[in-house]
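Here's a quick walk through one protein model, with stops at the cysteines, a few helix contacts and some backbone oddities. Keep the viewer open as you read.

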Amino acid sequence: MNQISVIIPAYEEGHGIELALDSVRRTLPSAEIIVSDGSQDSMTREACEKKGVQYLVPSRHHRSSAMNAGAKHAKGNLLLFLHADTLLPKSVSKLETLDLEKFGYGGFYKSFSPNGLMLQLHAFVVNCWKLELQKEFLGDNTIFVRKDIFEAVNGFGDLALFEDLDLSRRLRTHCQSNGLRPAIFRTPIVTSSRRFKKLGVISTIVFMQRCRAWYASGIPTAEIARRYAQLQ
């Protein structure tokens with residue numbers, strides 16, 4: 001039986017993080033839960049104390065540092081990185097018996113709430129193209145990875161953005177060279193569509209693709225994060 005450590009990076013989540021914590025308790029009752037809060041938000045801390053989960057403050061406030069700090073404290077042999085606005089499906093319990101001699105890492109299909117036609121289409125494209133064809137796992141796919149493999153690739157890079165894409169690519173290279181495959185769970189997690197509210201779905205997707213193009217062209221992630229923050 002795999003021992004799962006669920007690591008939740010948080011930033012000013014308030015009591016809203018309780019939904020994610022309840023989701024973990026409901027689907028993975030024996031899992032270790034670690035919240036790593038870059039904002040040191042008092043309400044997030046209160047929610048963690050109320051739910052009886054570990055609460056950490058990373059040395060730096062951005063997400064990669066938060067997740068690395070959580071992984072460092074984790075005791076499980078399988079790490080699952082869950083966004084604070086995401087709910088797990090019942091099928092996540094299959095991770096407890098996943099053959100880690102065959103599968104080194106993986107993730108889930110995603111869906112949105114509140115949902116809509118454009119968001120359904122966006123999720124469909126990401127699930128089929130990015131996960132199934134390119135084997136590319138992003139943070140909102142709820143990445144899971146064997147802890148020893150996570151340590152072997154030196155965890156998340158010190159990046160302001162795209163730390164998930166960077167890790168996914170290094171995991172793919174490492175696991176391919178060691179005869180391991182990614183595991184894809186097709187029952188979707190449900191993640192909040194709140195990031196699409198300000199600009200709208202289409203404009204947000206277009207801007208996200210611009211960010212990827214900037215990243216591919218070598219623009220530092222700190223600069224991309226600055227541009228992204230201007231629209232928030």
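## Cysteines

The structure holds zero disulfides. This is a predicted model, so keep that in mind throughout. As a reminder, a disulfide is a covalent bond between the sulfur atoms of two cysteines.

How accessible are Cys 48 and Cys 128? Cys 48 has 0% relative accessibility, so it counts as buried. Cys 128 comes out at 29%, which puts it in the partly exposed class. A further cysteine, Cys 211, turns up below as part of the contact of α7 with α8.

## Helix α7 against α4

Start with helix α4, residues 117–133, and helix α7, residues 201–216: their axes come within 10 Å and cross at roughly 30°. Angles under 35 degrees count as roughly parallel, and α4 and α7 are therefore roughly parallel to each other. The crossing of α4 past α7 is right-handed.

Which residues make this contact? On the α4 side you'll find Met 118, Leu 119, His 122 and Lys 130. From α7 come Val 201, Ile 202, Ile 205, Met 208 and Arg 212. Sorted by type, the contact has six nonpolar residues, one polar and two charged.

## Helix α7 against α8

Helix α7 has another helix to meet. Its axis and that of helix α8, residues 221–229, come within 10 Å and cross at roughly 160°. Angles over 145 degrees count as roughly antiparallel, and that makes α7 roughly antiparallel to α8. Here too the crossing is right-handed, with α7 passing α8.

In this contact, α7 supplies Phe 207, Cys 211, Trp 214 and Tyr 215, while α8 brings Thr 221, Ile 224, Arg 227 and Tyr 228. The tally is six nonpolar, one polar and one charged.

## Trp 214, a residue to click on

Trp 214 sits in helix α7. Is its side buried or exposed? With a relative accessible area of 15%, Trp 214 is buried, since the cut-off for that label is under 20%.

What does Trp 214 touch, leaving out residues up to four places away in sequence? The list is Phe 207, Ile 219, Ile 224 and Arg 227. Two of these, Ile 224 and Arg 227, are α8 residues in the helix contact described above. Trp 214 and Ile 224 are ten residues apart in sequence, with 7.2 Å between their C-alpha atoms.

## Backbone oddities

Now for the backbone. Ser 113 and Pro 114 are joined by a cis peptide bond, with omega at about -10°. Pro 114 belongs to the loop between β6 (103–113) and α4, so following the chain on from there takes you to the helix that meets α7.

Glu 12 is not a glycine, yet it has a positive phi of about 55°. You'll find Glu 12 in the loop between β1 (4–10) and α1 (18–27). At 56% relative accessibility, Glu 12 counts as exposed.

Thr 142 also has a positive phi without being a glycine, with a value near 55°. Thr 142 is in the loop between α4 and β7 (144–146). Its relative accessibility is 0%, so Thr 142 counts as buried. Leaving out residues up to four places away in sequence, Thr 142 touches Leu 80, Phe 81, Leu 82, Thr 86, Leu 88, Gly 106, Gly 107, Phe 108 and Ile 189. So the two positive-phi residues differ in setting: Glu 12 is exposed, whereas Thr 142 is buried.

## Helix α2 and two long spans

Last stop is helix α2, residues 42–51, where Glu 49 is located. At 56% relative accessibility, Glu 49 counts as exposed. Ser 42 is in helix α2 as well, and with a relative accessible area of 47% it is partly exposed.

How far are these two from residues elsewhere in the chain? Glu 49 and Ser 177 are 128 residues apart along the chain, and their C-alpha atoms are separated by 42 Å. Ser 42 and Tyr 215 are 173 residues apart in sequence and 34 Å apart in space, C-alpha to C-alpha. That same Tyr 215 is one of the α7 residues that meet α8.

Notes
Residues numbered from 1 in each chain as written. Predicted model: local features only at pLDDT ≥ 70, side-chain atom pairs only at ≥ 80, totals over all residues. Heavy atoms only, no water. Axes fitted to C-alpha atoms, helices over the stretch in contact; angles between N-to-C directions. Helix = DSSP H or I, 4+ residues; strand = E, 2+ residues; numbered from the N terminus. Parallel < 35°, antiparallel > 145°, perpendicular 65-115°, else oblique. Left-handed = near helix turned anticlockwise from the far one by under 90°. Contact = heavy atoms within 4.5 Å. Nonpolar A, V, L, I, M, F, W, Y, C, P; charged D, E, K, R; others polar. Buried < 20%, exposed > 50% of the residue type's maximum accessible area, 1.4 Å probe, protein only. Disulfide = S-S within 2.5 Å.
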